Amino acid sequence: MQGDKTRGIISLIIIAFALIALFWPAPGGNYTGIASIFNRIKLGLDISGGARIEYRVDIDPSVENPSAVVDDVWTVLRNRLDMANYTEAVVKQSFREENTFIIVEIPGATDTAKAEQLIGSTGILWFGQVIDETTTNPNIDPNLINEAKRENAQWLLDRDGKKWYLVRQEIDKISNLKLVSPKIVEAIPEVDRNNVAGYVVSFTMDKEYADTFAKITEKLYVPEEILNQGGIAYEQALKKRLAIVLDNRVQFAGFVVSKITDGKAQIRGNFNLEEAKQLAAILKSGALPARLEKVSSGWVAPLLGADIVSASLKAGIFGVIIVLIYMIIFYGVMGIVADIALLYNTLLLLGILAATGTILTLPGIAGIILTIGTTVDGNIIIYERVKEELKRGSSTKAAISTAFSKSFYTLFDANLTTIIAGLFLYYFGTGTVKGFATTLIIGVLGSLFVNLVVTRFMLDIFSGGIKVKAAKKGGARA
Amino acid sequence: MIDFVGKKNIFIIISIILIVASLISIFTRGFNLGVEFLGGSEIILRIEAKVDESFVREVLKDLAPEFENARISQIKSINDPENISKFSVVVSPKDENGNLKVYTGQEKGEISNEIVKKFEQKNIKAIVAGFNETSGYAAQEIKNLTWKAIVFTLIAILLYITIRFQFVFGLGAVLALIHDVIITLGFFSFANYELNVAAIAAILTLIGYSLNDTIVVYDRIRENLRRPKGKSISTLVNESINQVIRRTINTSLTTFIVVFVLLLFSGNSIKPFAFGMTIGVIVGTYSSLYIASPVVIKWIKR
C-alpha cells in the first residue's frame with residue numbers, strides 16, 4: 001500500500017495549495033464566508049462588470065479606407081489585451097454621426113487609471129530626426145516656436161518630462177523618407193550590457209519597413225570617432241540623432257553608430273524591467289494606425305445583468321446537488337467518493353484560476369461544467385469496471401486495482417483528445433473562446449489527475465464499504 | 001443485449017435526414033443571432049433614481065420586439081452624481097426579413113420619446129443620453145475561428161486517434177463530432193433560439209463532450225479486438241457498446257440533469273447555453289451509440 005500513501009500525500013498537498021490560492025486573504029475583497037473564494041478569482045465582464053473606457057478614433061480625413069483603419073485599431077487593442085492576459089476584455093466599435101468610437105471594457109478593473117495603463121499607448125509610433133533640444137519649455141519661447149516652424153518640426157517632451165526635443169518626421173528633409181507606424185514583428189526586453197541595472201528593448205521590424213529604416217540609418221549614420229572627438233563635427237552630429245516617438249513623447253533619442261539593414265534595433269532608455277516589458281508589449285502588439293482620444297472612463301455592471309447571473313448561479317448549484325445525490329443513490333459508497341472527487345476537482349480548478357489570475361466568464365463556467373462532467377464520467381468508467389471485476393469474482397482490492405489499470409488508457413485517450421481540441425481552440429480563438437479553452441484544459445488535466453490519483457486513494461480507503469454493497473449485488477445476480 | 005449495429009442503416013438514415021434538415025434550416029432560415037454578434041443600437045439611459053437592471057428590463061420589455069432580448073447593463077462614469085443610474089441598453093432591431101436594420105433618425109427620436117414616457121408613467125425621470133450604432137464585438141472575435149482553424153482542429157484529432165487507435169476510428173469520431181455540431185446548430189436555427197456567445201460556449205463544450213463519449217466506446221472496442229478471434233467484428237462492436245452503455249447513460253444523465261435545470265431556471269442570456277447543451281447531450285449520446293461505431297464497422301481491422 002506504499003502507492004496509496006504516496007497518492008494520499010500528493011492529493012493532500014495539491015488540494016492544500018489550491019485552498020491556499022483560493023482563501024489567501026485578498027486585498028479589498030467584497031465577499032465573506034463561502035463566497036470569499038470569489039475574492040481571489042477574477043470574474044469576467046459578463047459576470048461582474050469592470051472598467052469601461054471610450055475612445056474616439058482620430059482618423060486623418062485624407063485616409064482612403066477609414067473602416068480598415070478602425071479595424072486595425074481594434075486588432076491592435078485586442079492583441080495588447082490578449083497579451084496582458086485579459087483575453088476576456090471586450091473591445092467594440094461604436095458609431096455616432098461621422099465619428100467612430102472604440103469602447104474597451106476590462107473585467108475586474110475597478111481602477112480606471114489602471115485599466116488605461118493596461119490599454120497602453122493611445123498614440124502612434126514613429127521615427128524622426130532630432131534637430132535641437134532644450135530644457136526650458138519651448139511653447140512659451142517665441143524663438144523656439146519659430147525654429148519649429150522653420151524646420152517643419154515639433155517640440156516633444158521626453159519620457160521623463162525633463163527635456164524637449166525638436167523632432168521632424170522627414171529625415172534630412174527628404175519628403176518621403178519617414179517611418180510612421182511600422183510593423184514590429186518581435187520586441188523583447190533585454191538586460192542592458194552597458195548598465196547592469198537597466199533594461200533595453202530590442203525589436204525587429206517587418207521586412208517592408210526594414211528598407212526604409214536602413215535608408216534612415218544610412219542618412220543619420222555618425223562614425224564613432226566623431227562622437228569621441230567632439231568639436232564642430234560633434235555639434236553637427238547632434239542634429240543627426242534618431243528619435244523614437246510614441247504617444248507624442250520621445251522615448252529614445254540617440255546616435256546611429258552603424259547602418260541597420262535588417263530592421264533590428266534597440267531602444268535604450270534606462271528602463272526598469274516593468275517599463276521595458278510594457279514598451280516591448282506595446283511595440284509587439286503593433287503601434288496604432290490612428291490616435292485615440294479618450295472620451296469617457298467609468299464602469300459597467302455585469303453585462304449579463306446582475307439579476308440573470310444570480311438566478312443562473314442558483315440553478316447551476318441546484319443541478320450539481322442533484323448530480324451529487326444521484327451518484328450516491330446509484331453507486332453507494334463509490335458515489336460518495338465520486339462526489340468528493342468532483343468537489344476536489346472543482347476546488348483545484350478554482351485554485352488554479354485564482355493562482356494564475358485567469359478570468360472566469362460564462363464560457364469559462366461552461367468549461368467547468370464540462371470538467372464536472374468528465375470527473376463524474378471518469379469515476380463512472382472506473383466504477384463500472386470495478387463492478388464488472390467484482391462480478392467475475394475478484395476480491396474488492398483486486399477489482400479496484402484491475403479496474404484502474406484497465407481504465408487508465410480509456411481516461412487517458414478520452415481526456416487527451418479533449419485537451420487537443422482545447423489547445424487548438426486556445427491557439428485559434430480570441431477572447432471568450434480562449435477563456436473557455438483555458439478552463440477546459442486546466443479542468444480536464446485536473447480531472448485526469450483526480451480520477452487516477454485522488455479517486456484511487458479514496459477507493460482503496462473505502463474498499464471495505466464497497467465490498468458489502470457489491471457482494472450483495474453480485475450475490476443477487478449469481 | 002440491445003442491437004445497436006443490426007439496425008444501423010435506419011439510424012444512419014435518421015441522422016442524414018436530421019443533418020440535411022439542419023443544413024437547410026441553417027442556410028434558408030439562418031440564425032437568430034444575439035446582440036453580441038449582430039451589434040445594433042446602444043441607448044445610453046440616464047435615470048434620475050436608483051434603480052436596477054431588472055427594473056429597466058421590465059419597463060422596456062414591450063416597447064418593441066427587439067427590446068425583449070436587449071442587453072441591459074448598468075454603467076457609471078467618473079463624477080456621476082450618487083442619485084442617478086445610467087444604463088447601456090443594446091438592441092438589435094430587425095426588418096421584415098429578419099435582417100439587422102439601422103434605426104432612422106426619426107425612429108431614434110420616437111423610441112427615445114417612448115422610453116422617456118414609459119419611465120414617466122412610473123414617475124421616474126429618464127433621459128436618453130446617447131443613441132449609437134455599435135458593432136457586435138463577438139463577431140470580430142469569432143472571425144478568427146475560420147474554416148482553417150476548424151479543419152486543423154479536426155485533422156489533429158484525426159491524427160491522434162489514428163495513432164492511438166486506427167484511422168477509421170478517427171474518421172468515425174470526427175464524423176460524429178460534425179454530426180453533433182450540425183444538428184445542434186440546426187436546432188438553434190429551427191427553434192429560432194437566440195445564438196449568442198453563451199450558445200457558442202455550449203457548442204464548444206459539446207465538442208469536448210462528443211469526443212469524450214465516442215472515445216470511451218472506441219476504447220472498449222479496441223480492448224475487445226485484442227481478445228482471441230471467433231466473433232464477427234459487428235458482434236464485437238455491438239458487445240462493446242453494450243458493455244459501456246451503463247456508463248454512457250449515467251454520464252449523459254448526470255450532465256443532462258445539470259443543463260436541464262439550467263434551462264428551466266436560468267436567466268435570459270444564459271438560456272441559449274443550456275438549450276445548446278441539452279440538445280447537444282442528447283444528440284451526442286445518440287451519435288456515440290448509434291453512429292460513431294456502426295458507421296465504421298466495415299473498415300475496422302483486427
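Me: What makes residues of chain A and chain B count as a contact, and how many does each chain give?
Reply: Two residues are in contact if their C-beta atoms, placed from the backbone, lie within 7 Å. By that rule the contact takes 65 residues from chain A and 62 residues from chain B. This is a predicted model: local features need pLDDT of at least 70, side-chain atom pairs count only at pLDDT 80 or more, and totals for chains, interfaces and linings use all residues. Residues are numbered from 1 along each chain as its sequence is written, and chains are lettered from A in the order in which they are written.

Me: Which element gives the largest share of the side of chain A that touches chain B?
Reply: H11(A) does, with 14 residues. Helix H11 spans 306–331. Helices (H or I, at least four residues) and strands (E, at least two) are DSSP runs, numbered from the N terminus. Other elements giving two or more residues include strand S14 (291–300) and helix H13 (362–391) of chain A.

Me: What makes a residue on that side nonpolar, polar or charged?
Reply: Ala, Val, Leu, Ile, Met, Phe, Trp, Tyr, Cys and Pro count as nonpolar; Asp, Glu, Lys and Arg count as charged; the others, Gly among them, count as polar. The side of chain A that touches chain B then has 39 nonpolar, 19 polar and 7 charged residues.

Me: How do you know that S14(A) pairs with strand S3 of chain B?
Reply: Two strands pair if DSSP finds at least two bridges between them. Here 3 bridges join S14(A) to S3(B), residues 71–77. So the pair meets the definition. The two strands run antiparallel. Trp299(A) stands opposite Lys76(B).

Me: Which strand pairs with S14(A) over 9 bridges?
Reply: S2(A), in the antiparallel sense. Glu54(A) stands opposite Ser296(A) in S14(A). S2(A) also pairs with strand S4 (residues 99–107) of chain A, antiparallel, over 7 bridges. There, Ile53(A) has Val104(A) as its bridge partner.

Me: Why is S2(A) called largely enclosed?
Reply: A residue is buried if 20 or more other C-beta atoms lie within 10 Å of its own, exposed if 12 or fewer, and partly exposed in between; C-beta atoms are placed from the backbone. In S2(A), residues 50–58, 7 of the 9 residues are buried, so the rest of the structure largely encloses this strand.

Me: How many residues of domain 2 of chain A are in contact with domain 3 of chain A?
Reply: 8 residues of domain 2 are in contact with 5 residues of domain 3. Helix H4 (residues 66–83) gives the most to the domain 2 side, with 4 residues.
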